[in-house]
Structures are given as structure tokens and as C-alpha cells.
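Trainee: I should be grateful for a close look at the pockets of this protein and at what lines them. Please take them one after the other.

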Amino acid sequence: MSTMRPLRIAILLFCLILTVPAATAGNLTILQPSANESTFAEMRDFYVYGVFPEPLEHPGNIRLVLTDESGVIVRTVMSCVNETGVTPEAAVEMSLVPNRWGGLLAPDVITEPGGIANGSNKVLVTGTYYLALVQGGITRGMGSYTDVSSGTLAPITRDLTAGTYTLVVEGLDGDLAGERVEKELVFGTTHASLGTFRPDANRENVVGWARERVPPLRVYIDWFPGYFRSGDAGYEIPDRWQANNGIEVANDCTGTTVDTIASARNDCLIYNVGSTSATLQVEIAAILRNGLVDSDRTTFTHYDIGELSMAWVDRATGAAESMIGRQVAYPAGTRLVYTRAEITDEPVRTNYFNTVANDSSKTVDTTPMQVTVVQGENLTFYGVTRPIETTLTGAGSAYRYTPDDRIATYIYENETLGRFTFTGCLEREFEGGYIGAAGYEFGHAFTETAAMPAGTWLLAVSAYDTTGTPVEMTNRTIELEVAAPPALPTATLVAAAAPAPTRTSGFWSVPALVALLAAVAARRR
């Protein structure tokens, strides 16, 4: 860790008080915060990111100033470039970054001038982009919550609480000299659209849901501070980005003015939510940790058919069929939603779905609460649940937790048919062999329907957590009609029962010939 160097601090302060004339930015842009992400939770850190239209030979120093509604400067951050106009690699202590790949540098760990504890030196300048960290209060404990806006480097005493702020980014010298851009930012309450970003089509739907709401919802697409990628290189500082992600879901910071747990609002798509995903361990965990899983300000959604899209071959007609899933809110009064039933003669696996098996021959029934199956056919019920109240276990970094409980067992019961028990969760196979383990989804396969008596039966469904305790709002009733196989035509039965025709000395016998002709005629009907 570097120590403070008075000469370089003096140079930094001198640069900060320079008056730079406003000019139309040519190379200088603010790509992030983007239009979608110009409203933040109170006390949020944020990155400011801009890409130069063309690589610059000598970019130069960049200064960021954040002012409040009264024009008071509340944050000042500035680069300190070398003779080539970029941040020197020696001024960035990447050994302090827990996870990194490739050669990208992180503004969070810039040490010159003033050492790592200087929060006003956190602007990284390269020949193709700049990236700056502006701190709001949530990560004050990480050791660089200081600023030079008062004229000297001092601890920050004013968090970024509710209000409208103006961000100004200025080029001070080099190729960026005289350029200036600004953006208005708002800190207060947020309402987000949450969900996994794998596969890409699911990400598009999370974004689409946000844009269709009135007013539009937030979607976390911009880089969270502490996480950045470019090409195949990147870095991650979990304690920083997860804390900022967590308070965007439910803000438990002390000192907020309007953004509280009681004001938290979120829409969350349950699809392909893996056991170690940020969607589960940071975002859903924040909902669970703050007692919001059953709040009327938390909306869980799912795909009405259980999938983004499906394609298959109709086994009755041989025609290619397809269907697009539509994102809908969970119905009131239940945690357990059946999305479709699939009926096939082909072998099936419980809790498994191949999203790329478009040549699969089956019947798809999107009214699974009332379904018909023929004895001997394989029947699979697909569905989705939502999280249940539970304790959480820390997962090793700030604001990251593993839920301790979920729905784990489903029991189907009928006095005549008996009891069917299913455990585990759905696994999906995506293109390229990627397997997604979806902890809140299932695919229950009934493969012994040949033993079920014909008739219409009511299957009572109940769900249980990992301790075997019944989960409320999960009792459902499925009307299952079991049909006997259709009777074969009489002629077919006669032909099937007839002895195999025999020949004697190269000639058909009369009885054998009659049987053969009858069988041929039956097949033609």
C-alpha cells in the first residue's frame, strides 16, 4: 500500500481547482451510468464509464465532480496520468483484487497519489476508455471513503442520500483537454426487474418486462462498482459489487432518508435460477433476509408454458410445432404453478428438460390441471414454485447468502392410484451442453401409467420443505383421466391371431393363403 506523497497531493489539488471551459465533448462520453441506470438506491457506489470513439495517443487527465441540487460539490475524483496520458500500471495495486483474469486494471485499487485510502484518485484512464469509482456510503468500511472536495483530503461525512445530483466529467489536458459532459442522477427508491441473464433470451425478457411496465423498472445492466469485463479480461471485488447489488433490492443501510426495507419493490423472474447464481444468493437472498418474500411489493413471475420457447413434433400429426413462453405474474394464493404436461411414448427422465431437442415426438398440454393420458404413455408435469421464508447462511462475502430451505418434496395422492413422491429440482440442457439447475422448478415424470386403472381420478398435490414440513399455499388438485388403449379393428385382431402361413413343397396351403389375404386386406383399411 502506498503512502501519501505531499507533492503529488498538491498537484492533485491544484488540478482540481483549475477552471476548465465548457466545450462540446468530442472524445469524452458518459456511457454509464446509462439512461436506464440514472436512478440509484441511496448510498450507492457507482462507476462512471466512457469509451473513446477512436483510440487516443495521449488521453490526459479526467476530473469528475458531483454536485447536489444546490450546486454544492459533494464528490471529486480525478486521475493522475503518466507522460503518455494514461494511468500507470504501477499506480494500481491489483494484488488487492480477489478475482481477476487478463490484464485489466481496477480504479478501486488505484494508490497514487495518496495511497489506497485516497478516495479521490479512483479514475482509471486508458487509450480506449476511462473508468471511475464514485462512492456513496455503502462500502465506507473498505477503507477509501475520503475526498478532496473540501480542499484537503478528509473522510467523507455526507453520504449520497435522496436527491438529484449533477455529474460533470471534464478533460483537463492531453487529447481530452477542454471537453466536458454531464448527466443528471437521482438517488432514492428503486423498483427493479430481477432474473438470471443465462441464456441470453432470458436476459432479453428480464429487460423487456422492465421496459413494458409503467413507469419502466430498473434492470442492472451497467457494471456494478467492483466488477468489470472487457473482452476476455476482467476482475471482481465481491464485497463491493454485491453490497451495491444487495441494497438495490432491499436497502438496509443506516442513515437513508426514503430508501428503506419497507419501501423495497422488486419483480423477480423465476427461471433457471442456479444455486450459486447472484440472482439467488444476492437478490432473492436480500428479499428473503428482509422478510419480503410474501410482501405485496414483491412480484414473482414465470413463463406461462414453463420455458422461454419450445419446439417439438406433434406425435399425432407428425407436424413441427413451436410455442413462445409469455412472462406472467404468479397467481394470488399459491406458491405452486403447473405450466404444462407432456405426453410421449419415448423414454423420459424426471426433473429434466432438453431445450434443444426439437425433434422430440410428444403431445404438449398447456392445461395441465385437467389432462388425459392413455395407459402406457409417459406423462410429465412441469411447473414452478417461488421461494419460501427461510433463514440464510453467509456465502463468504458481503451481502451474499445461501437460502437454508426451499420446497424439496412433492407428493401426489389418490386413493385408487396410490402415492407418488418426487424430490429434487429441474435440470435443463441448453445448446452447447450447458446444464442449468433450476432450484424452483420441476418436471415430475409418471412412467408407469400402464398399471393405472382406466377412469377419471383426482390427484391431490402437496409440497414439503427440506425438513418434511408442509408448505402453505401449495395444495393443488389435478384431474387425471386415464384412458384404455383404443381397440384394434376386428380384422386386425383376426389377422394377428391367425397362425403364420405355411408352405408345402413350394405351394401355399388353402387355409394359409386365406389367412394371408385377410391380413393384407386388414392392413390396407
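Mentor: The account below treats the largest pocket, then the second largest, and then a sheet that shares a strand with the latter. The model is a predicted one.

The largest pocket holds about 920 Å³ of space. Its lining is made up of 29 residues, and those nearest the centre are Phe197, Tyr227, Trp241, Ala278 and Thr279. Two strands and two helices each give two or more residues to this lining: strand 12 (191-194), strand 13 (227-230), helix 3 (238-249) and helix 4 (278-289). Helix 4 provides the largest share, namely three residues. By class, the lining of the largest pocket comprises 11 nonpolar, 11 polar and seven charged residues.

The second largest pocket encloses about 290 Å³. Here 15 residues form the lining, with Pro347, Val348, Tyr352, Ser360 and Tyr382 nearest the centre. Strand 20 (337-344), strand 21 and strand 24 (378-384) are the elements that supply two or more residues each. Seven residues of this lining are nonpolar, four are polar and four are charged.

Strand 21 also belongs to an open sheet of three strands, whose order is 21-29-30 and whose pairing is mixed. Strand 21 (352-354) and strand 30 (435-438) are the edge strands, each pairing on one side only. From one strand to the next, the twist averages 20°. Strand 29 (residues 426-429) pairs with strand 30 in the antiparallel sense, over four bridges. Within this sheet, Arg428 is placed opposite Gly436 of strand 30.

Conventions
Residues numbered from 1 in each chain as written. Predicted model: local features only at pLDDT ≥ 70, side-chain atom pairs only at ≥ 80, totals over all residues. Heavy atoms only, no water. Pairing = 2+ DSSP bridges. Axes fitted to C-alpha atoms, helices over the stretch in contact; angles between N-to-C directions. 1 Å grid on protein atoms, 1.4 Å probe; cavity = no way out; pocket = protein on both sides within 12 Å on 5 of 7 lines; lining within 4 Å. Points joined across faces, edges and corners; volume = space filled by probe spheres on them. Nonpolar A, V, L, I, M, F, W, Y, C, P; charged D, E, K, R; others polar.
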